[in-house]
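Me: Hey, got a minute to look at a model with me? I'd like to go over the disulfides and any odd backbone spots.

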Amino acid sequence: MGRNTRKRRTPLATKAIAASAALALGGGGLIWANFYASAHEENSAQGQTKAAGAQMATIQCPDVGQQLNYVPEGARAGVDKELANLDQQITEAYSRLASTRQAQEGDPGFVQNAILGPLKSKRTAALDRIEINIRRAGGQAPDLQQLAECQGMAADQAEANDGNGGDGGDGGNGGDGQNNDGQDQGQDNGQDQGGEQDQDNGLDPVPEGNGGQAGNGPANEDFVDITQVQPNIDKSNGNGFAANGDSGSTGSFSTSCGVNENNVFNTDNLIVAPGVDNGAHHTHDYVGNQATDAFASDEDLANGDTTCQNQGDKSTYYWPVLRLQDGTDEFDANDAGGGAEGNVGKILQAEEADIKYVGSKQGDVVAMPKFLRIITGDAKAFTNGDANANVALSCTGFEDKVQLTDKYPVCPQGSNLVRTSNFQSCWDGQNIDSANHRDHVAFVQEDGSCPDGFQAIPQLQVRLVYDVSATTIENGQVQNPYAVDGFPEQLHKPITDHNDFINVMDENVMNQAVECINSGQDCQ
């Protein structure tokens, strides 16, 4: 089965995005645009006025999805479409922001009057429709109008923002505890280390703003030579950043599903935006279930083909593609979700995709329910803040020493990039999904136990390995940078990496996995 070639609509917004993409900087090394040069002029009122209009790198909007802790079943489809509409509005506004830099330099009120003001009006209407959908289905609609207004965001604001941004992307905010469930070392220490490396990452300083092949990232500052990063993995518990240890349920169950040799791609997101074409605004790799797109029902998934060797595992595993920004035009160079929205360059196929389920440090695990949906990480973490970020990036040979959360590692010769996702492993015992796609699952607490009301399920771990040897640092500049696909306004920041899963295992296979894990066996 080849890539999903379903014809997509081409709205005027896409043409606008394509116009800004036409300003793209060519492949090869990162070359820095001059958008933000005036941000540091201090000696004149004119310089200060220019700075006010020019230093805005992207747009930050309050998180609507986070507020929707309960949506009646009858309103879910309508609400999901309006949330996707909010994403589209931000995409269009960001496109206008990126393509009007000269006008912003000359008019300090341009961004507010021409971009943020109209965006607020559109969001107000969409929020009205969300409230109406909820009330019509018999629910109590929260007051969402306070979430209509967006603001500009400088490229270096990510660490300072308070988490009140973005419309949730692949799941939105709504959970915490990401620093647990085996991610405490990879998350906390990696974040701190990444922050330290901002000051000395071996790269020449660059103006604030964007770079990369499409002009909206990644930036030089997003990369670090991993050989220059101090070890940040705490091995005191004997298992690094792994989730299970030498107590509790110590077994594992592995499933081999390939590396997307079938080239199945689409820019949908069945979990967050079911029924919405291009709901993700970026391209996903798919392994396992081959029927997965925005319009797939549970029945479609149950009847779909699978790339997994164990044909009883029809689960869908998907994540944003990784691209090498070397000037290559991919098949989606002019498509929505692809090059038209700033996701450009050669799509890299993983050399390895290791999918494994492990146990709990505190005891036995129970079976996952069929069609359970889990999202880990946040595709909008740059504007949302890192409350739901769950990123672990490293290089082979360094995985037990360094895990990065907010930097792309540049690996030394002979070493490959590793993306690791450790999913939430506590389930509320009732729901296969929740309104914000977060509340029905949780990460373990510091002692490895689940929160009250939750029970331990097998923890999914996905480890992806890529050859990124073309990415190097020469004379303080990153050559042939790579980046994960993302929403255009997220500037391809590494903190936005994420991973998605729908359990479609046969009951017998799931029970086998649980038995192996609880009995301490390593099974396939």
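Reply: Sure, let's take the disulfides and then the backbone; keep in mind that this is a predicted model.

Me: OK, how many disulfides does the structure hold?

Reply: Five disulfides. If you number the bonded cysteines in sequence order, the pairing goes 1-2, 3-4, 5-6, 7-8, 9-10.

Me: What does cysteine 257 pair with?

Reply: Cysteine 257 forms a disulfide with cysteine 308, with the sulfur atoms 2.0 Å apart. This pair links distant parts of the chain, 51 residues apart. Cysteine 257 sits in the loop between strand S4 (252-255) and strand S5 (265-266), while cysteine 308 is in the loop between helix H7 (298-303) and strand S7 (316-320).

Me: Is the disulfide of cysteine 257 and cysteine 308 right-handed or left-handed?

Reply: Right-handed, because the torsion about the S-S bond is about 90°. Cysteine 257 and cysteine 308 are buried.

Me: And cysteine 395, where does that one lie?

Reply: Cysteine 395 lies in strand S12 (residues 392-395). A disulfide joins cysteine 395 to cysteine 411, S to S 2.0 Å. Cysteine 411 is in the loop between strand S13 (408-410) and strand S14 (417-422), so the bond ties together parts that are 16 residues apart in sequence. Both cysteine 395 and cysteine 411 are buried.

Me: What's the torsion about the S-S bond of cysteine 395 and cysteine 411?

Reply: About -80°, so that disulfide is left-handed. The disulfide of cysteine 516 and cysteine 523 is left-handed too, with a torsion of about -95°. Its S to S distance is 2.1 Å.

Me: Is cysteine 523 buried or exposed?

Reply: Buried, because its relative accessibility is 11%. Cysteine 516 counts as buried as well, at 5%.

Me: Switching to the backbone: which peptide bond is cis?

Reply: The one from glycine 217 to proline 218 is cis, with omega near 0°. Proline 218 lies in the loop between helix H6 (184-197) and strand S3 (223-225).

Me: Why bother flagging that?

Reply: Because most peptide bonds are trans, and most residues other than glycine have a negative phi.

Me: So where does phi turn positive outside glycine?

Reply: Asparagine 475 is one of the spots, with phi near 55°. Asparagine 475 is in the loop between strand S19 (472-474) and strand S20 (477-479), and it counts as exposed because its relative accessibility is 76%. Asparagine 480 also has a positive phi, near 50°, and its place is in the loop between S20 and strand S21 (482-484).

Definitions and conventions:
Residues are numbered from 1 along each chain as its sequence is written. This is a predicted model: local features need pLDDT of at least 70, side-chain atom pairs count only at pLDDT 80 or more; totals for chains, interfaces and linings use all residues. Side-chain values use heavy atoms; hydrogens and water are left out. Helices (H or I, at least four residues) and strands (E, at least two) are DSSP runs, numbered from the N terminus. Buried means under 20% relative accessible area, exposed over 50%, partly exposed in between (1.4 Å probe, protein chains only). A disulfide is a pair of cysteine sulfur atoms within 2.5 Å.
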